Amino acid sequence: MNKKRTFMIMVIPAFLLFFTFHTYPVIQGIFYSFTDYKGYGTWDFVGLSNYLNVFQDGRALGAYGFTFQFAIVSTVLVNIISLLIAIGLNANIKFRKTLRATYFLPYILSVLIVGYIFKFMFTHLLPEIGQLLNIEFLSSNILGSPDLAWIGIVIVAVWQSTAFNTLLYLAGLSTIDQQVYEAADIDGAGPWAKFWKITFPLVAPFFTINMVVAMKNFLMAFDQIVALTGGGPGQATESISLLIYRGGFQGGEFAYQSANAVIYFIVIVAISIIQLRVLERREVK
């Protein structure tokens, strides 16, 4: 009885905090998505009109397009780079532990601080170096170009996110028995054959986790965009999260952006489920 009481004392406060600051706001947002609530004043029910309007909103569709483009490219790059780094750090090299700590440092830094540092580099440092060395593609600020600004955001996001994915891949590589590689060496297998036939299949569960987590995080991109471009130039790099924040809390579109948030939540869940189904099926094969 005392043990049960102890468990209740531990669980109930945590449950109340979670419900108060997470579940209740979610329920409230879903409720207001069926109204014309502006974030203040009175409101009336409008049914599904907010949801239907999202699919007719050019700005929202543009934000969805940019977000998917950014998330797909960043997810692919971060997994390729982090897997290669993990394989290198898993090898028997000098200063391996020091290098592992060094590669993980970007992940513990504030996203906003990293974003502002890179913004200074893209805006001042790189153009000055480009002009000094007469390198044309470095001579201009890519964050000021509607066509190239998203590349700068990808660079920053991938640079900082690689650390976490590398850590997961290292955990996966540590589970592989070295005798498997020794047997492959005896059979005359080359580096590529060992990677494709041994390493990648055995770290496939970690690849699945990294793909799903990375895609989810990049789809919810907010801080990097605020720090680097603020959604600009114009609305070229405005993500869904930034659009929901601006419209809901600054533009008097609380109910409309609540509907947008519900739609986006469903989209993220659907993409995650599809990823899990496809990648887990590949693990079995």
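**Figure 1. The largest pocket of the predicted model and its lining**. The volume of this pocket is about 890 Å³. Its lining is made up of 22 residues, and those closest to the pocket centre are Val26, Ile244, Ala261, Val262 and Phe265. Three elements give two or more residues to the lining: α1 (2-32), α11 (240-249) and α12 (254-284). Of the elements, α12 gives the most, with 9 residues. By residue class, the lining holds 15 nonpolar, 6 polar and 1 charged.

**Figure 2. The aromatic pair of tyrosine 32 and tryptophan 43**. Across the whole structure, a search finds 27 aromatic pairs. In the pair drawn here, the ring centres of tyrosine 32 and tryptophan 43 are 6.2 Å apart. Their planes stand at 85 degrees, over the 60 degrees required, so the pair is edge-to-face. Tyrosine 32 belongs to helix α1, while tryptophan 43 sits in the loop between α1 and α2 (49-54), so the contact ties together parts that are 11 residues apart in sequence. Tyrosine 32 has a relative accessible area of 14% and is therefore buried, the cut-off being under 20%. Tryptophan 43, at 31% relative accessibility, counts as partly exposed.

**Figure 3. The aromatic pair of tryptophan 196 and phenylalanine 200**. The planes of these two rings are at 5 degrees and their centres 5.6 Å apart, so the pair is stacked; the class requires planes under 30 degrees apart. Both residues lie in helix α8 (residues 191-202), where they are 4 residues apart, about one turn of the helix. Phenylalanine 200 is buried, with a relative accessible area of 9%. Tryptophan 196 has 40% relative accessibility and counts as partly exposed.

**Figure 4. An aromatic cluster that includes tyrosine 32 and tryptophan 43**. One cluster is formed by Phe31, Tyr32, Tyr37, Trp43, Phe45, Phe222, Tyr245, Phe249 and Phe254. Tyr32 and Trp43 in this cluster are the edge-to-face pair of Figure 2.

**Figure 5. The segment annotated in UniProt as "domain: ABC transmembrane type-1"**. The annotation comes from an unreviewed UniProt entry, which lists residues 64-275. In the predicted model, this stretch of the chain is 77% helix and 0% strand. The C-alpha atoms at the ends of residues 64-275 are 19 Å apart.

Technical notes: Residues are numbered from 1 along each chain as its sequence is written. This is a predicted model: local features need pLDDT of at least 70, side-chain atom pairs count only at pLDDT 80 or more; totals for chains, interfaces and linings use all residues. Side-chain values use heavy atoms; hydrogens and water are left out. On a 1 Å grid over the protein atoms alone, a cavity is a set of points where a 1.4 Å probe fits but cannot get out, and a pocket is an open set with protein on both sides within 12 Å along at least five of seven lines; lining residues have an atom within 4 Å of a point. Grid points are joined across faces, edges and corners, and a volume is the space filled by probe spheres set on the points. Ala, Val, Leu, Ile, Met, Phe, Trp, Tyr, Cys and Pro count as nonpolar, Asp, Glu, Lys and Arg as charged, and the others, Gly among them, as polar. Rings of Phe, Tyr and Trp (its six-membered ring) pair if their centres lie within 6.5 Å; planes under 30 degrees apart count as stacked, over 60 as edge-to-face and the rest as tilted. Buried means under 20% relative accessible area, exposed over 50%, partly exposed in between (1.4 Å probe, protein chains only). UniProt positions are given in the numbering used here, feature names are shortened, and annotations may be inferred rather than shown by experiment.
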